[in-house]
Amino acid sequence: MAENLVLDPVTRIEGHLRVEAVVENGKITDAWATGTLYRGVETVLQGRRPEDAFYVTQRICGVCPTSHGHASSMAVESAYGIKIPNGARLVRNIYECAENLHSHILWFYILAALDYVNPAKALTANISDTIDLAKAAGTGISDFAAVQERVLALVQSGDMSVFSNGWWGIDPVAHPEEADELYNPDMPAELHLIGVAHYLEALEMQAEAARVMALLGGKFPHGMTSVAGGTAWVPDSTKLDDVLYRVKRVAAWVDGTMIPDVLAIAPFYTAALEFGGGCGKFLSFGLFNDADLDMNSRYFPAGYIDVDNGLKVDTVDTSKIKEYVKHAWYTSPSGLHPQHGETQAISSWNDSTFDLDGQYTWAKAPRYDEKPAEVGPLSRMLVGYLSAGADPAIKGIIDFALGELGVDDPTLLVSLLGRVAARVLETKLIADQTIAYIVELVEAVKTGEAKTFAEYDSHDGEGAGFWEAPRGALAHFVNVKNGRIENYNVVTPSTWDMSPRDDNGVRGPLEEALVGTPIDDIERPIMAARVARSFDP
Amino acid sequence: MTNKGTSFYERLEARGVSRRDFLKFCGATATMLGLSSSAAPMIGAKIAGAAEDGGLYPALWLHGGACTGCTESIAQATYPNVADIVLDFLNLVGQETIQMSAGVQTLEGNEMFAEEHAGKYILIIEGTVITGLDGNMLRVGGHPFIEELEHFAERAAVVIALGSCAVDGGWVVAYPNPAKGTGVSAFLKSKGVATPVVNLPGCPMNPEELTSVVVEALLLTDRDADGVPNLGPIVARLDSLGRPKWLYGSTIHDNCPRRGHFENGEFVYEFGSEEEALGYCLYPVGCKGPQTYRRCPMIRWNNSVSWCVDSGGPCIGCANWNWVDQNAPFRGRFRRVGAGVLGRGGIDPAVGAAAIGGIAGAALLAHGFGMKAAHRIGKNATLKTEECKEYDAKHAKKGGAV
C-alpha cells in the first residue's frame, strides 16, 4: 500500500527544505524536494555596483558566506579582466580552507551526528569500557564521566532544550529500546558516549576554525576583506602566527578525533552503502587555486563524471550549464544559460499553486549537459580520485577508508555512507592543505611576494566566478555596464542537489537519492532525513 | 518541566562551567551593560536566583527568511562557552538549525511548548518576515511563515527580533524588495499584535548582544506568581527604535581604535596598501563607521579575535535601517544624505518619530560639515584615489579635531 511521507521542516540544515515521498513496501518509490523560501537576491543586485555584490551575496548563506564572497569577487574579476596577486590567492585559499573546516566539522557533529549517535543510549555506557574503546579506535579521550553526568543532568532536569521531542521516543531513558530501533542496536553504548563527548568538543572546534576566518576577514559569518581585486587584509606576522596556531589545533583534532570517530561508527551503518546514491553524475568546479588560477589545476580539480560512462573524468565545459524552471515558481524562460539567466517569480498564489505534478519549489533545476549532477565533497573527492594530475593524497585516503570498511569497489561510494565519508575524509585533506598554504604565504611575505590587491579601472564586461562552497559547486555570473550590474545570477550547490525535476521530468539528485531508501516507520523517517542531510543542504 | 532539585551552580558544573568562569562572564556582562564590574556578583546572584526558581525564560526560536547567519553567530559564542550556557538556560525548545526533532515532531513540539508557557516565553525571530504572495514566499510545515509568526507572537511575553533581517527586513528589503520583506515589529503592528519587540539590528547579530539582553531582562524583570514577567522596566530602557540603549548608543567611529589616524588625516586610499599595513583610517574606502550605531570596536567578534575594521574591511553599516539601500555603494566615500534615502528606507513606523535614518543622517551631516570645516574634503570630492590623496595631503595640516 502506498503511503505519503512529508518531512517539513527538515531541520538541522541551513535554510528551509521540505521533502515529500511515496512509500511502498517499506521503500521510497518517488520523492520531491521543495525549497520553501524566496528572497530575490539577484533582483536586489540589479543596478548596483558590482563590488557591492561581494557583501550582499554572502548573506545568501550564513554557513558558507566566504564561498559566496569569493565566487562574487571572482565573477567581477573575470568581467573586469583582473588577475589577483599571489598574496591574495594564498589568503583566499586559507580563508576558504577555514570555512570548509568550520562547515564540515559543524555538519558532521552538530547537524548530522544525532541521526547516528543517540545521547540517551550514552547514559548506559560504562566509563572504563568507553576509555578502552576510544583507545582501540584511536580517537580522542575526553572526560567521558563528566559528559555522561552532563547528559544525565539535562535529562533529569526535564529541560531537554534543543533535544526535546526528538525521535528517541517518548521517554528515552525509561524505554531506550524505542530509540534503538532507529539507530543500530548493535552499536555499543560506549560508542554513543564517545560521539556525544565529541559533539561537545566539535562546538569549540568549529568555532576555532571560524576564528581563523575572523582573523582574515574581521568576523564570521559575513567577512569583509576578499573584495574584488584581491583582499583588503594585509598579512602580518602576528596574525599569521595566530592563524597557524589555530589551524594546527583544528588539524590535530580532525586527525585524532573526527576521522577515527567516523571510522569507528561507519561499520555499524554499512547498510547505507546500498542506497542513497542519487543520479550518478558528479560535477566539481574545483577548489583552492594554484598559481595559474585555472580551475583545472586547482587542488581539487574541476571535472565531470557520469558513472554510466565509466569511472573517468571529463573536462568541465561551463557552456553546458542551463537552468530549467518548468517545475519551479517562476515565469521567466526555461533552459537559459545562467550568464543570461532571468528570475521572475510567479505573481499570485492559490490553493493549486503548490502542485507536485506542476510547480513545487523555489529552486530552479540546474542541469549539466542536459542532465542533473550531484555536487559536493563526494563529487570533489571522486574527481580528485580519478584525475591523474591530482594530489595522490586524495586517492590515498579514499583507498585507506575503503580498506577500513572492507570494500574494494569505489563505486560503492555512490551511496549515503559514501557521501558522509567523503565529506569527513575531505576535512583531513583540507586541514593539511591549510597548513601548506599558510607556510607558502609566510615565505611569500618574507620575500616580498605577498601583494594582496590589484588596482583596476574597468567599467564593463561579462564574467563568472566558478568555485566550490563546502557543500558543492557554486557559480556567480555578472554582466556589468558602465560600472553597474546589468544582470546577476547565482547558481548555488543547493539548487544543484535539491533541484526539482527538469523540463523532461528527470528528478534532481536528492530526489533520486531518496528513491529506494528504506522507511521502517513513516512517523519517524530517519533514513529519509539521513539522506537529505547527507547533502548538507 | 521543572528545574527543582539541583542548584544552579550544580547544573552549571554539570555542563562543564565552573563558578569562576561564570563570575568572569558576569563581569564581562556588567561592563557591557555599562555597570561597574563590581556588579558581577549581583548579576550572578540574579541569574542564579532566577534559575533556582525554575524561572528562566522559556524560549522559542523561529527562522523567517534567514541565511542562518545569526544562528551561526550564536554558535561562535565561546567565552568560555558560558554564553551558550546562559542561552541554554533559556530552555530553548525550538531551534531549527540544531534541534533534534524534525517535521511534524518539530511543529507539534512548538505548539505544546507555547500552550504550556503561554504569556511567559521569549520568542526569538531570525530572518526577514516575507510577505510576498500573501506570505507564501516562505512556507514552513505547509503554511505561510507569517501565520506561524503571528500565532506564536500573540502568546509570547516578548519578541526579540534578532539581526537586521528580523528588525526591518535587512538586505532582503533593499530596492525593489522582490519578496516584500518587512521587520517583525512592523508586521506585528499591522496585525494588531501588541507583544513588545526588542530590536537587535546587525548583520549578523553579535552573540554578546543577545546575551546582554537576556541578562538585562533578568536584572530588571519581576514575575508574578504565575511566572508572567513585568516587562515595563526593560521596555523603558529601549530607544525609540526598540533597541537596547546600552548597545546602540554610540557610533562605530566614536570608539574606533583607528580614530586617532582619522584625527591626524592619515587615511587608507587603497586596499592592501602600505597605509593599511600601518592601520590608518578607512574612511576614504567607504567606512560607514561614523553613521552606524553599534559597539563592534569594543565587543569585537568570534571570541574577540578581530572585527571588521581591524582586518582592513571598512564598516558597511549593517546595523542601519535598510542597510543596503542606505549604505551602498559600500566603497563610496560619501553617501547621499537626504529625505529621499531616508524615506525609502523602510523605516519602521511602529517605533516612533526619531528613526535611525534620521539620527544617522543628522550625525553624518554634522560629521560631513565638520570634515568640510576642517578642509579635509572638497565639495566635489570624488572617489579617485590620487585626487583624494593629494587633497588630504594638502589640507591635512589645517585639520584638527572635528
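## Two chains, their domains and sheets

Modeller: In this predicted model, the C-alpha centres of domain 1 and domain 2 of chain A lie 31 Å apart.

Biologist: Which residues go into each of those domains of chain A?

Modeller: Domain 1 of chain A is made of two stretches, 3-114 and 206-534, while domain 2 of chain A covers 115-201.

Biologist: And how many residues does each domain give to the contact?

Modeller: The contact takes 18 residues from domain 1 of chain A and 18 residues from domain 2 of chain A. On the side of domain 1 that touches domain 2, the elements giving two or more residues are helix 4 (86-112), helix 10 (237-265) and helix 16 (526-534) of chain A, and the largest share, 6 residues, comes from helix 10 of chain A.

Biologist: What is that side of domain 1 like by class?

Modeller: The side of domain 1 of chain A that touches domain 2 of chain A has 12 nonpolar, 2 polar and 4 charged residues.

Biologist: Stepping back to chain A as a whole, what does its radius of gyration agree with?

Modeller: A compact globule of 537 residues would have a radius of gyration near 24 Å, and chain A agrees with this because its own value is 23 Å. Along the principal axes, the C-alpha atoms of chain A fill a box of roughly 70 × 60 × 45 Å, and 62% of the 537 residues of chain A count as buried.

Biologist: How many helices and strands are there in chain A?

Modeller: Chain A has 16 helices and 10 strands. Of the contacts in chain A between residues at least 6 apart in sequence, 74% join residues at least 24 apart.

Biologist: Take the sheet with strands 8, 9 and 10 of chain A; what is the order, and is the pairing parallel or antiparallel?

Modeller: It is an open sheet of 3 strands in the order 8-9-10, and the pairing is antiparallel. Strand 8 (461-469) and strand 10 (484-491) of chain A are the edge strands, each pairing on one side only, and neighbouring strands of this sheet are turned by 15° against each other on average, with direction ignored.

Biologist: How many bridges are there between strand 8 and strand 9 of chain A?

Modeller: Strand 8 and strand 9 (residues 472-481) of chain A pair over 9 bridges in the antiparallel sense, and A:Trp467 has A:Leu474 in strand 9 as its bridge partner.

Biologist: Which helix lies across those two strands?

Modeller: Helix 3 (residues 65-80) of chain A lies across strand 8 and strand 9 of chain A, and it runs at about 150° to strand 8.

Biologist: What about strand 4 of chain A, are its faces covered or open?

Modeller: Both faces of strand 4 (residues 281-284) of chain A are covered, since A:Lys281 and A:Leu283 on one side and A:Phe282 and A:Ser284 on the other are all buried. Strand 4 of chain A is joined by 4 bridges to strand 5 (residues 303-306) of chain A, the two running antiparallel, and A:Ser284 stands opposite A:Gly303 in strand 5.

Biologist: Switching to the other chain, how many residues of chain A and chain B are in contact?

Modeller: There are 76 residues of chain A in contact with 75 residues of chain B. Strand 1 (3-7), helix 1 (41-45), helix 2 (53-58), helix 7 (144-157) and helix 9 (189-217) of chain A each supply at least two residues of the side that touches chain B, with the largest share, 9 residues, coming from helix 9 of chain A. By class, the residues of that side of chain A divide into 36 nonpolar, 23 polar and 17 charged.

Biologist: And how many helices and strands does chain B have?

Modeller: Chain B has 18 helices and 11 strands, and buried residues make up 56% of its 402 residues.

Biologist: What is the order of the 5 strands in the open sheet of chain B?

Modeller: The order in chain B is 2-1-3-7-9, with parallel pairing, and the edge strands are strand 2 (92-95) and strand 9 (197-200) of chain B. Within this sheet, 5 bridges join strand 3 (residues 122-126) to strand 7 (residues 158-162) of chain B, where B:Ile124 has B:Ile160 as its bridge partner. Helix 6 (residues 103-116) of chain B packs on the sheet, touching strand 1 (59-63) and strand 2 of chain B, and its direction makes about 145° with that of strand 2. Helix 7 (residues 145-154) of chain B also packs on the sheet, touching strand 1, strand 3 and strand 7 of chain B, and its direction makes about 165° with that of strand 1.

Terms used:
Residues numbered from 1 in each chain as written. Chains lettered and ligands numbered in written order. Predicted model: local features only at pLDDT ≥ 70, side-chain atom pairs only at ≥ 80, totals over all residues. Pairing = 2+ DSSP bridges. Axes fitted to C-alpha atoms, helices over the stretch in contact; angles between N-to-C directions. Contact = placed C-beta atoms within 7 Å. Domains from an automatic or database assignment. Nonpolar A, V, L, I, M, F, W, Y, C, P; charged D, E, K, R; others polar. Rg over C-alpha atoms; globule rule 2.2 N^0.38 Å. Buried ≥ 20, exposed ≤ 12 C-beta atoms within 10 Å, placed from the backbone.
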